[in-house]
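Open the model in a viewer and keep the selection tool at hand. The stops below go from loops to sheets and end at the ligand.

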Amino acid sequence: MSRGALPGQTGGETASTSRDREPLLSVSDLRTVFYTERETIHAVDGISFDVHPGETVGLVGESGSGKSVTARSILGLVDEPGVIESGEIRFKGEDLVETGWDDARGDLAIVFQDPGNSLNPVYTVGNQLKEALSIHQGLTGAAATERAIELLEAVGIPDAPRRLEEYPHQFSGGMAQRAVIAIALACDPDLLVCDEPTTALDVTIQAQILDLLADLQREADLAILFITHDMGVIEETADRVNVIYAGDIVERAPTDRLFADPEHPYTEALLESIPGRTPPEKRLPTIEGEVPTPNGPAEACRFAPRCPLAVEECRTAVPDPVEVSTGVDHTAACVFAGDEGGQTGGENE
Ligand code: SF4
């Protein structure tokens with residue numbers, strides 16, 4: 001499959017050098033709350049993380065952990081009754097919570113899970129691409145058509161001039177997600193937020209989309225915030241990982257470090273659920289219970305009801321994130337984090 005470079009953009013630095021630059025996105029103590037008649041849900045409850053230019057940062061956790069609300073908060077897409085209660089979303093140095101998202105719209109883009117919901121069924125893919133190009137780049141007429149063709153080719157859609165005239169239902173799931181990515185790229189973003197972008201696709205197409213995102217990132221120096229429940233996908237895509245549970249980040253580390261030496265029992269449980277990490281004769285473990293709805297301020301470790309290592313201390317205080325090693329940006333919010341050999345890490349070695 002041939003994939004053209006994004007015209008007008010140059011190849012980027014590697015992720016290892018990207019961290020020498022200022023963060024493109026810096027989220028600090030972000031709190032997004034939903035006020036319903038029944039309860040107040042602290043969906044995002046004080047999370048902080050950075051994304052540097054040209055790197056992929058993973059945000060991983062089970063369904064209901066607050067990943068998508070984080071994504072929508074960053075894009076300024078939180079719907080009522082949700083509200084960003086406090087914290088900063090600093091993008092290119094500007095705090096979007098304070099300034100609003102208008103000036104940043106062209107530099108931020110999102111790809112959602114289901115391309116069927118992202119594309120409008122009554123307009124051709126070309127129309128939708130050209131509308132994005134008109135809004136974000138001011139391109140119309142032949143210039144917009146030419147650029148739309150370039151973008152479809154860049155995301156690996158063959159016979160692009162013809163496909164521009166087709167409607168979303170004429171695209172397969174994988175091709176539709178490529179078209180959604182092309183539309184996201186039409187605003188020439190610096191940061192692409194990918195919210196479970198491959199979950200609705202079969203594994204072969206998933207691998208193609210992940211390869212495509214990696215290629216686009218190299219070609220366009222794109223920063224990617226990759227949100228998923230799938231640790232296998234995180235291992236393939238992310239330079240660094242944030243593990244989120246019940247609205248808060250419980251562990252953060254470079255990807256290879258997290259996979260080799262997890263410190264938080266929740267991370268360990270997520271890793272055990274990856275096919276291939278468990279001996280084939282054993283049943284794939286699952287994490288008993290569900291992510292709790294954070295409907296009040298945290299007063300204990302929220303993972304305690306599901307944690308095999310929980311002790312009394314876990315039920316009486318919220319564990320602070322602890323640096324678990326020097327020289328590596330690796331923190332874990334667990335009373336046992338940083339103990340000799342780790343409570344959880346040794347089992348995987
Ligand atoms: S603080 Fe306690 S309950 Fe929470 S993850 Fe650590 S051991 Fe488990």
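Helices and strands here are DSSP runs, numbered from the N terminus; a helix is H or I over at least four residues, and a strand is E over at least two. The model is a predicted one.

**Loops with unusual backbone geometry**

Select Pro 81 in the loop between α2 (67–75) and β4 (82–91). The peptide bond that joins Glu 80 to Pro 81 is cis, with omega at about 10 degrees.

Go next to Glu 196, in the loop that links β7 (191–195) and α9 (203–220). Its phi is positive, near 50 degrees, and the residue is not a glycine. Is Glu 196 buried or exposed? Glu 196 counts as buried because its relative accessibility is 7%, and the cut-off for buried is under 20%.

Then select Asp 221, found in the loop between α9 and β8 (223–228). Asp 221 is another non-glycine residue with positive phi, about 55 degrees. With a relative accessible area of 23%, Asp 221 is partly exposed.

**The four-strand sheet**

Show β2, β1, β4 and β5 together. In that order they make up an open sheet with antiparallel pairing. Which strands stand at its edges? They are β2 (40–51) and β5 (94–95); each has a single partner strand, so one side of each has no neighbour in the sheet. Zoom in on the pair β4 and β5, which is antiparallel and has two bridges. Here Phe 91 lies opposite Glu 94 of β5.

**The eight-strand sheet**

Now display the open sheet of eight strands, ordered β6-β7-β8-β3-β9-β10-β12-β11, in which the pairing is mixed. Its edges are β6 and β11 (322–323), each with a single partner strand, so each has one side without a neighbour in the sheet.

Start at the β6 edge and show side chains for residues 108–111. Leu 108 and Ile 110 point one way from β6, while Ala 109 and Val 111 point the other way. All of these residues are buried. Strands β6 and β7 are parallel and pair over four bridges. To find one of the contacts, select Leu 108 and look across to Leu 191, its bridge partner in β7.

Move along the sheet to β10 (residues 248–254) and β12 (residues 331–332). These strands run antiparallel and are joined by two bridges. The bridge partner of Glu 251 in β12 is Ala 332.

**The ligand and its shell**

Finish at the ligand. The space that the ligand takes up is the largest cavity. Which residues come nearest to the ligand? Of the 13 residues around it, the nearest are Cys 301, Cys 307, Cys 314, Cys 334 and Val 335. Colour the shell by class: twelve residues are nonpolar, one is polar and none is charged.

Two of these cysteines can be inspected for burial. Cys 307 counts as buried, because its relative accessibility is 16%. Cys 314 is buried as well, at 8% relative accessibility. As a last check, look for disulfides: a search of the whole structure finds zero.

Methods: Residues are numbered from 1 along each chain as its sequence is written. This is a predicted model: local features need pLDDT of at least 70, side-chain atom pairs count only at pLDDT 80 or more; totals for chains, interfaces and linings use all residues. Side-chain values use heavy atoms; hydrogens and water are left out. A disulfide is a pair of cysteine sulfur atoms within 2.5 Å. Buried means under 20% relative accessible area, exposed over 50%, partly exposed in between (1.4 Å probe, protein chains only). A residue is near a molecule or strand if one of its heavy atoms lies within 4 Å of it. On a 1 Å grid over the protein atoms alone, a cavity is a set of points where a 1.4 Å probe fits but cannot get out, and a pocket is an open set with protein on both sides within 12 Å along at least five of seven lines; lining residues have an atom within 4 Å of a point. A molecule sits in a cavity or pocket if more than half of its atoms lie within 2 Å of its grid points. Ala, Val, Leu, Ile, Met, Phe, Trp, Tyr, Cys and Pro count as nonpolar, Asp, Glu, Lys and Arg as charged, and the others, Gly among them, as polar. Two strands pair if DSSP finds at least two bridges between them.
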